[in-house]
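Student: Could you take me through this one? I'd like to start with the ligands.

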Amino acid sequence: MPPVLDTRGRTLRNLRVSVTDRCNLRCGYCMPEEEYVWLPREDILHFGEIAALTDVFLELGVDKVRLTGGEPLLRRDLPRLVRMLAAKPRIRDLAMTTNGVLLAEHAPALKAAGLHRVTVSLDTLDPQRFARLTNRTTHAQVLEGIASVPRAGFTGTKLDTVVMRGVNDDELASLIEFGKSVPAEVRFIEYMDVGGATRWSMEQVVGRAEMLERLERRYGRIEPVVETSTAPADRFRLPDGTTFGIISSTTAPFCADCDRSRLTADGLWYLCLYATRGIDLRGPFRGGAGPEELKALITGGWRARTDRGAEDRLALGNRQPLVQIGGLKRDPHLEMHTRGG
Ligand code: SAM
Ligand code: SF4
Ligand code: SF4
């Protein structure tokens, strides 16, 4: 089957599957509130439903699948879903993004189930700062979780850090050094004005250029790693050969190559992180639509895709958070923790 292309010639290739909207942290840039309107339990897709919908995407050319959330490890028995997905030969890359809190207890089972790679979010090496950032005191568990990843036999591990001015932008080099010890490649994510980031301001964003400048002052000349990929991170190499990435979604978006879409835990399909509406796949699926009907729905949706959310945001002059708290309360699908980051 020829690749399915959108209106800008971008291929449908990369699917992020959110398995729950719940989380055991309250990161200020994602879930600043304590209480949320959760997705109705009966709407949450069962593992069999996720696997069946994934099959439809695989037949249309998707070959990279990432499990996310909310916190994916809060979903009971996640290794069972991993096992179901790992058995699908069309998936070339099966990864998971986690906050790491529950990772130490689950890493061996995830590896045994066939998960290929793990990305752990880590914004700070300082426990007190972690408590301020996440409203929880589980920093030690996150570090144990990260240590458990290579022990379980995983390679290609990544650590993702959202960089915020005056919050953790003094830790760029310490995080790279920590990454070396794991070993894991660190990726610095520019703070985005999306979903629950209701306290976002442009002043708090540390852009790619500034991150590189600061790191060059510390390490000397930094070379870009030349590669052809649609991965969101631009990769760089330090003089000692250590590589790291920068995901410059805010100051230099990569929408032109974006092959990513997102399936929420209740089966809505979003074609852009910034999209305000998704395509309902749960309704047709539970209503008895077969693979051909679902294929037509997905193909039609992708072919009509015009999204370039981060580029549109960049073109705005006076940039404010995308959605205010009232809008998020009315539609939890606008939350980053619902659509999976
Ligand atoms: N709970 C898991 C975790 O934190 O790794 C997976 C879901 S989380 C929504 C996925 C990613 O989105 C995390 O790396 C998180 O740091 C990132 N994220 C959430 N809100 C963000 C924001 N406002 N700007 C940049 N990245 C954000
Ligand atoms: Fe933090 Fe991830 Fe939870 Fe959002 S979903 S609050 S980024 S741990
Ligand atoms: Fe892709 Fe939308 Fe992000 Fe641009 S803003 S890279 S189109 S998900």
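Tutor: What follows covers the two ligand sites, then the core. This is a predicted model, where local features need pLDDT of at least 70, side-chain atom pairs count only at pLDDT 80 or more, and totals for chains, interfaces and linings use all residues. Residues are numbered from 1 along each chain as its sequence is written, ligands are numbered from 1 in the order in which they are written, and side-chain values use heavy atoms, without hydrogens and water.

Student: How many residues surround ligand 1?

Tutor: There are 19, and the closest are Y29, G70, T97, S121 and M192. To count, a residue needs a heavy atom within 4 Å of the ligand.

Student: Which oxygen or nitrogen atoms of ligand 1 have a partner at S121 or G70?

Tutor: A polar side-chain atom of S121 lies 2.6 Å from an oxygen atom of the ligand. At G70, a backbone N or O atom is 2.9 Å from a ligand nitrogen atom. Polar contacts here are pairs of N or O atoms within 3.5 Å.

Student: How much of ligand 1 does the protein bury?

Tutor: Taken alone, ligand 1 exposes 550 Å², and the protein buries 94% of that (Shrake-Rupley method, 1.4 Å probe).

Student: And which residues are around ligand 2?

Tutor: C23, L25, C27, Y29, C30, M31, G70, N99 and H337.

Student: New topic. Which residues touch the most other members of the largest nonpolar core?

Tutor: F188, F244 and W269, in a core of 96 residues. Such a core joins buried nonpolar residues (under 20% relative accessible area, 1.4 Å probe) through side-chain atoms within 4.5 Å.

How values were computed
Buried < 20%, exposed > 50% of the residue type's maximum accessible area, 1.4 Å probe, protein only. Polar contact = N/O pair within 3.5 Å; in protein donor to acceptor, adjacent residues only side chain to side chain.
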